[in-house]
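Hi,

Here is the structure I said I would pass on. Have a look through it first, and my notes follow below.

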Amino acid sequence: MNVYDGERMTEMFAGQGMVQVENGKEADLVVLNTCHIREKAAEKVYSDIGRLRRKDGSSPMIAVAGCVAQAEGKEISKRAPSVDIVVGPQAYHRLPDMVAHAQSGKRSVDTDMPAISKFDIMPPRTKQPRPTAFLTVQEGCDKFCTYCVVPYTRGAEISRPWADLINEAKALVDGGVSEITLLGQNVNAWTGEDEKGQMHGLDGLIRALDKIDGLKRIRYTTSHPNDMTDALINAHGEIESLMPYLHLPVQAGSDRILKAMNRSHSRDSYLHILDKMRKVRPDIALSGDFIVGFPGETDQDFADTLSLVKQVRYAQAYSFKYSPRPGTPAAIMDNQIAPEIMDERLQALQALLNEHQHDFNKQSVGRTASILFERTGKLDGQLIGKSPWLQSVHVIAPGLKIGDLADVKLVDSGPNSLTGELINILDKE
Ligand code: SAH
Ligand code: SF4
């Protein structure tokens, strides 16, 4: 979502005649779009600010945007006096005014969550630099997992209106995009009314997007198990442009820990969703998020996480050490886990997840897959694109270019990517 927000900010500034530069030190304005989800991500902003200092001691104008700005507000300018602007994730449409204000030498801080959506004020989408794009459809979270800052930094769950999303998706496709990933902190909590006043869940929105000419692939992330409706699961069996990939975080495999996390799903209810999904879409690639070392996590609880992973065999996954976040209930729970134990558990979990990811790639060898080319490779005539299952695939494809779609035979696999051979060009611009 920060990538999406960053792109919208860039488009907003481009509309005012600004251009992007490669090196932050050469810029007149640097926007650091920050993440507060774990301590490490939040601390990064302060080292980045330090790195922007030029040889003569001056700095560009610095705006800290995103969730660190939301959570730490005025503290940021105290800790880092070279920061001129602090703007939360729901107020970044005000950046141009804040820049003007800062030019007169005044600092400004805006961490409001205004009633008027920033999306109503943003300029329309224009020509896109890549064939794939993000589209935020939902923001915020009402679930209050006990470890998580998102409900505090991004605010309550809101769904962007139907017509705005259809229009933005059409503008992206007109701008050269053929794959859209719908985004939300809980993207599958999206609901909205179509032009006839009928209510829909995310599956309804996907069905409408599927009808846009030129939009070849639809993905969505991140989903919450509790919002995984049968209608959305069934859509995977019916809509060809909906890619066979589901990122569905579980966090832990022990019911005791899930309860302490306030996840409001159990190990079994989670596994049941995956069963239903595999029935309608047997080739679905599954992905998840895991936290190790949540307060009170015993060896047995952690063993339950490993056993869940063995049962599911994820195609890909993200895993993190629990990071206590200020203001969250878990940060003051008893039995915080020692860092060495967290390290050990994370290593064991990641070894297993990597093995499964490699297995998934190995099993793909021999398959034919449509590949959407996203960038050039190191070799002559080589392009790198994504398979429907979100694997990176390297192909020697002379005459083809970024944005083209081709049928490729997958011939070799590594832990992080595959090699393919061109068999059929599906769509060439
Ligand atoms: N809404 C999504 C996740 C959004 S946050 C869901 O509930 O599934 C992205 C991921 O960051 C989470 O899935 C979780 O694994 C991780 N995360 C959130 N807070 C964390 C914390 N305090 N410490 C470590 N990881 C955390
Ligand atoms: Fe955070 Fe996701 Fe839980 Fe919401 S549902 S509190 S975003 S982990």
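Before the strands, one convention: two strands count as paired if DSSP finds at least two bridges between them. Also keep in mind that this is a predicted model.

With that in hand, start at strand E1 (residues 29-34), which pairs with E2 in the parallel sense over six bridges. If you want a spot to check by eye, take Leu29, whose bridge partner in E2 is Met61. To get from E1 to E2 the chain goes through helix H2 (residues 39-51), and this β-α-β crossover is right-handed.

E2 has a partner in strand E3 (residues 83-87) as well; those two are again parallel, with four bridges between them. Here the pair to look at is Val64 and Val86, with Val86 in E3 standing opposite Val64.

So how covered is E2 (residues 61-66)? Mostly: six of its six residues are buried, where buried means under 20% relative accessible area.

I also went looking for holes. Searching the whole structure turns up one cavity of 30 Å³ or more, and the space in the largest cavity comes to about 30 Å³. Which residues line the largest cavity? They are Glu7, Gln128, Pro129, Arg130, Thr132 and Ala133. Sorted by class, that lining is a mix of two nonpolar, two polar and two charged residues.

That's what I have for now. Shout if anything looks odd on your side.

Cheers

Key: Residues are numbered from 1 along each chain as its sequence is written. Chains are lettered from A and ligands numbered from 1 in the order in which they are written. This is a predicted model: local features need pLDDT of at least 70, side-chain atom pairs count only at pLDDT 80 or more; totals for chains, interfaces and linings use all residues. Side-chain values use heavy atoms; hydrogens and water are left out. On a 1 Å grid over the protein atoms alone, a cavity is a set of points where a 1.4 Å probe fits but cannot get out, and a pocket is an open set with protein on both sides within 12 Å along at least five of seven lines; lining residues have an atom within 4 Å of a point. Grid points are joined across faces, edges and corners, and a volume is the space filled by probe spheres set on the points. Ala, Val, Leu, Ile, Met, Phe, Trp, Tyr, Cys and Pro count as nonpolar, Asp, Glu, Lys and Arg as charged, and the others, Gly among them, as polar. Buried means under 20% relative accessible area, exposed over 50%, partly exposed in between (1.4 Å probe, protein chains only). A crossover is right-handed if, with the strands pointing away from the viewer, the path from the first strand over the helix to the second runs clockwise.
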